[in-house]
Amino acid sequence: MSACLFCRIAAGELQAEIVYEDERAVAFRDIRPQAPVHVLVIPREHIASLDEVRDNQAGLLAHLLLVVQQVAAREKIAGGYRVVNNCGPAAGQSVFHVHFHVLGGRTFGWPPG
Ligand code: 5GP
Ligand code: ZN
């Protein structure tokens, strides 16, 4: 059994509210939502952070962003959402399985905190 929280969610070993899944990616609601819509998009494959993505995973990376787009459409926030990747502890990454936050349903300030 994997020790990685998001690997376990992707494998169905831990419960999450999944809003999209395919053979390469899973999207589920964040347990501590920071906006009315807050979904996490992850690859099924374990990659610790954006820094760890390699050239031969470029297709997977592109796919994840297209899943972000699809999640936004399904959640009815297309045209008004924020995509966040926290890479490394200084940026606030707390789960070391790469993920994109998809946030929407409210307005967002800039610069982010
Ligand atoms: P990070 O801080 O690494 O960018 O984002 C990790 C996110 O995962 C946080 O927003 C946090 O609320 C979320 N999270 C942590 N544990 C769980 C969990 O067990 N289930 C779900 N659905 N989200 C989680
Ligand atoms: Zn993992």
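**Exercise 1. The zinc site**

Determine which spacing the donors of the zinc ion (ligand 2) follow along the chain, and name the geometry of the site.

Solution.
Step 1. Along the chain, the spacing of the donors of the zinc ion (ligand 2) reads C-x2-C-x38-H-x50-H. The model under study is a predicted one.
Step 2. The residues behind this pattern are C4 and C7, each coordinating through SG, and H46 and H97, each coordinating through ND1. The coordination distances are 2.0 to 2.3 Å.
Step 3. The angles among the four donor atoms run from 105 to 118°. Four donors count as tetrahedral if all angles lie between 85 and 135 degrees, and the site of the zinc ion (ligand 2) is accordingly tetrahedral. As a point of reference, the ideal angle for four tetrahedral donors is 109.5 degrees.

**Exercise 2. Two cysteines**

Decide whether C4 is buried or exposed, and do likewise for C7.

Solution.
Step 1. The criterion needed is that buried means under 20% relative accessible area.
Step 2. C4 has a relative accessible area of 12%, so C4 is buried.
Step 3. C7 has a relative accessibility of 15%, and therefore C7 also counts as buried.

**Exercise 3. The largest pocket**

State the volume of the largest pocket and describe the residues that line it.

Solution.
Step 1. The volume of the largest pocket is about 750 Å³.
Step 2. Its lining consists of 30 residues, of which D30, R32, H38, L40 and H101 are the closest to the centre.
Step 3. At least two lining residues come from each of α1 (5–10), β2 (25–29), β3 (37–43), β4 (81–84) and β5 (100–104).
Step 4. Sorted by character, the lining of the largest pocket comprises 14 nonpolar, ten polar and six charged residues.

**Exercise 4. The surroundings of S49**

Locate S49, classify its accessibility and list its contacts beyond its neighbours within four places in sequence.

Solution.
Step 1. S49 belongs to the loop between β3 and α2.
Step 2. The relative accessibility of S49 is 8%, so S49 counts as buried.
Step 3. With neighbours within four places in sequence set aside, S49 is in contact with C87, Q93 and V98.
Step 4. I77 offers a further distance to consider: 28 residues separate S49 and I77 along the chain, and their C-alpha atoms are 26 Å apart.

**Exercise 5. Two leucines of helix α2**

Classify the accessibility of L65 and of L66, and give one C-alpha distance for L65 and one for L66.

Solution.
Step 1. L65 is placed in helix α2, and L66 is found in helix α2, which spans residues 58–74.
Step 2. The class between buried and exposed covers values from 20% to 50%. L65 has a relative accessible area of 43% and is therefore partly exposed; L66, at 48%, likewise counts as partly exposed.
Step 3. The C-alpha atoms of L65 and R54 are separated by 16 Å, with these positions eleven residues apart along the chain count. For L66 and F28, 38 residues apart along the chain, the separation of the C-alpha atoms is 15 Å.

**Exercise 6. Backbone features**

Identify where the peptide bond from W110 to P111 stands, cis or trans, and describe the phi angle of K76.

Solution.
Step 1. Omega for the peptide bond from W110 to P111 is near 5°, and the bond is cis. P111 lies in the segment after β5.
Step 2. K76 is not a glycine, yet its phi is positive, about 65°.
Step 3. K76 sits in the loop between α2 and β4. Exposed means over 50% relative accessible area; K76 reaches 74% relative accessibility and so counts as exposed.

Notes: Residues are numbered from 1 along each chain as its sequence is written. Chains are lettered from A and ligands numbered from 1 in the order in which they are written. This is a predicted model: local features need pLDDT of at least 70, side-chain atom pairs count only at pLDDT 80 or more; totals for chains, interfaces and linings use all residues. Side-chain values use heavy atoms; hydrogens and water are left out. Donors are N, O and S atoms within 2.8 Å of the metal (3.2 Å for Na, K and Ca); water is not among the atoms, so sites may look incomplete. Four donors count as tetrahedral if all angles lie between 85 and 135 degrees; four count as square planar and six as octahedral if opposite donors are over 155 degrees apart and all others between 65 and 115; anything else is irregular. Buried means under 20% relative accessible area, exposed over 50%, partly exposed in between (1.4 Å probe, protein chains only). Helices (H or I, at least four residues) and strands (E, at least two) are DSSP runs, numbered from the N terminus. On a 1 Å grid over the protein atoms alone, a cavity is a set of points where a 1.4 Å probe fits but cannot get out, and a pocket is an open set with protein on both sides within 12 Å along at least five of seven lines; lining residues have an atom within 4 Å of a point. Grid points are joined across faces, edges and corners, and a volume is the space filled by probe spheres set on the points. Ala, Val, Leu, Ile, Met, Phe, Trp, Tyr, Cys and Pro count as nonpolar, Asp, Glu, Lys and Arg as charged, and the others, Gly among them, as polar. Contact means heavy atoms within 4.5 Å.
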